[in-house]
Structure formats: C-alpha cells, structure tokens
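I opened this model to look up folding elements, cores and a handful of single residues. The entries below follow the order in which I checked them.

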Amino acid sequence: MVLGELVRLRPMEPSDAEAMWRWSHDPEVMRWMSDGHRQSLHHVRQRLEERPRNAYGDVLYGIEVRADARLIGLVTLRDAEPETGRAELDLYLGEKDCWGRGYATDAMRTMCRYGFDKMRLHKITLTVVTENHAAHHVYRKVGFVDEGVLRQEFRRDGEWYDMYTMGLLEGELR
Ligand SMILES: CC(C)(COP(=O)(O)OP(=O)(O)OC[C@H]1O[C@@H](n2cnc3c(N)ncnc32)[C@H](O)[C@@H]1OP(=O)(O)O)[C@@H](O)C(=O)NCCC(=O)NCCS
C-alpha cells in the first residue's frame, strides 16, 4: 500500500476486472482516453490474471479511497529506465461520482512522490488532450509544466485533437 492523504494505491487483483470493464465501457470516462477495441469481461479478467508482477519499468496501482476502501481508478508509471531516470504516468478515475473531490490530485501527488522517492526518478512525463481541461488543471496544480504540443495526436469521433506533452522534474512536485 502506498498512502496518500485521501487515497491509497494498491496492486490490482483479478477480482477488480468487473470495475475496469465497466469503466472502459463508459463514454464519459473514456472521452479523452485511447480506448481501442471493446474487450469482454472475461478478457479483462484474464489480462489481470496473466499480468506480470509490478516491476521498475511497469507499475500499475489501483486508486482506493482511504475512508471506505472503494476502488475508483487506476494509475500507472511505465517505461521507467534507471539510465534516464524518466517514466511516463497515466491516471484516470472510472467512478464518476468521485470526480471533483480531490482524489485525482491526491493520487497524482502520491504516485509522483513514489516515483521520485522510491524509484529515484528525475522526471515524470505525461500527455493529455488539450480539450481535457479538468485533467490539465490537475496536472498543472501538482507542478507539471507544458513542454510542447503534439499536433492532431488524438482522434475521437472523426475529429483530430492536439495533446500537451507535460513534464515534472524532481523537486517540482507541489
Ligand atoms: C480528469 C480527472 C482525472 C480529474 O479527477 P478529479 O478527482 O475530479 O480531480 P480533483 O477533484 O482532484 O481536481 C479537479 C480540479 O479540476 C477542476 N476542474 C474540473 N472541471 C474543470 C474544467 N472543465 N476546466 C478546468 N478545471 C476543471 C476542479 O475545479 C478542480 O480544481 P481545484 O481543486 O483547483 O478546484 C477525472 O475526472 C478523470 O479521470 N476523468 C476521466 C478520465 C480522464 O480524462 N483521465 C485523464 C486522462 S489524461
């Protein structure tokens, strides 16, 4: 368990498959995320069962509310390399009734602190669709800086959207 103020981060279990499957079929949750092809509940469970253990280059944690142990989303740090001290972060909250309560902000801070303190990272990067104003606001609030714009990087319903590439250096986390 990795403890934040409002949330804790914990490894995912095959029994979390139903929640993940439900989130991946919710158009509001998936609005600004790559969704790929729809997968069956069976396949999502199988992926969790067969997933390799968390390791330096691939960390996946579920985001749980500390008050009631409810799983509300996911956060990953992937492609970390000791040579570069860099990794890429992804986060989402699938339970919409939990939006706007500070959980994503706390989960971001908790995962970034983990990356800098435990994994000795120097830099964490992410990308976000420029139209995803709530996520962009959260990332800036915790210290991420816009480093560039990836033009027409994301396609949804036949429209192309730009993405910001953002970075947070060791010592910049707020
Ligand atoms: C985006 C998301 C991560 C935010 O999570 P959250 O738990 O609601 O975020 P928090 O409650 O910690 O903070 C929300 C902040 O965004 C602000 N906000 C909400 N909607 C906003 C909008 N449309 N424009 C600008 N800011 C907005 C809130 O005012 C709040 O800021 P404040 O704390 O300074 O008042 C969550 O809604 C989510 O996972 N959405 C779906 C998937 C997704 O888009 N993931 C990110 C992919 S890059």
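Where is Gly 102 found? I located Gly 102 in the loop between β5 and α4. I read helices (H or I, at least four residues) and strands (E, at least two) as DSSP runs, numbered from the N terminus. Gly 102 counts as partly exposed, because its relative accessibility is 32%. The classes I use are buried for under 20% relative accessible area, exposed for over 50%, and partly exposed in between (1.4 Å probe, protein chains only). I also looked up Val 7, which lies 95 residues from Gly 102 along the chain, with 9.5 Å between the C-alpha atoms.

**Ground rules**

I note that this is a predicted model, in which local features need pLDDT of at least 70 and side-chain atom pairs count only at pLDDT 80 or more, while totals for chains, interfaces and linings use all residues. Residues are numbered from 1 along each chain as its sequence is written, and side-chain values use heavy atoms, with hydrogens and water left out.

**Whole chain**

I counted five helices and eight strands in the protein chain. Read from the N terminus, their order is β-β-α-α-α-β-β-β-α-β-α-β-β. I compared the radius of gyration of the protein chain, 16 Å, with the value near 16 Å for a compact globule of 174 residues, and the two agree. That radius is taken over C-alpha atoms, and the globule rule is 2.2 Å times the number of residues to the power 0.38. The C-alpha trace spans about 40 × 40 × 30 Å along its principal axes.

I found 45% of the 174 residues buried. For contacts (heavy atoms within 4.5 Å), I took pairs at least 6 apart in sequence; 61% of these join residues at least 24 apart. The exposed area of the protein chain is about 9800 Å², with 47% of it supplied by carbon and sulfur atoms. Areas come from the Shrake-Rupley method with a 1.4 Å probe, and for residues only the protein chains shown count as cover.

I tallied 26 positive and 30 negative side chains, and the centres of the two sets lie 2 Å apart. In that tally Lys and Arg are positive and Asp and Glu negative, with His and the chain ends not counted. I placed each charge at NZ of Lys, CZ of Arg, CG of Asp or CD of Glu.

**Cores**

I looked for nonpolar cores, meaning sets of buried Ala, Val, Leu, Ile, Met, Phe, Trp, Tyr and Cys residues joined through side-chain atoms within 4.5 Å. The largest has 36 residues, and Ile 63, Leu 77, Leu 89, Met 108, Met 111, Tyr 139 and Phe 144 touch the most other members. Elements supplying at least two residues each include β3 (58-65), β4 (71-81), β5 (86-93), α4 (103-117) and β8 (159-169). Helix α4 gives this core its largest share, eight residues.

I then listed the partners of Met 108, not counting residues up to four places away in sequence: Leu 89, Leu 91, Leu 126, Val 138, Tyr 139, Val 142 and Phe 144. A second, separate core has 14 residues, among them Trp 23, Met 33, Val 44 and Leu 71.

**Two threonines**

Thr 110 sits in helix α4. I class Thr 110 as buried because its relative accessibility is 1%. Outside its neighbours within four places in sequence, Thr 110 is in contact with Val 2, Leu 3, Gly 4 and Leu 9. Its C-alpha is 8.4 Å from that of Val 7, 103 residues away along the chain.

Thr 76 is in strand β4. Its relative accessible area is 17%, so Thr 76 is buried. With neighbours within four places left aside, I found Thr 76 in contact with Val 59, Leu 60, Glu 88, Leu 89, Asp 90 and Met 111. Thr 76 and Met 111 are 35 residues apart in sequence, and 8.3 Å apart C-alpha to C-alpha.

**Loop residues**

Ala 69 lies in the loop between β3 and β4. I noted a positive phi for this non-glycine residue, near 60°. At 39% relative accessibility, I enter Ala 69 as partly exposed.

Asp 157 is in the loop between β7 (145-156) and β8. Asp 157, too, is not a glycine, and its phi is positive, near 50°. I class Asp 157 as exposed because its relative accessible area is 69%.

Pro 82 belongs to the loop between β4 and β5. Its 61% relative accessibility makes Pro 82 exposed.
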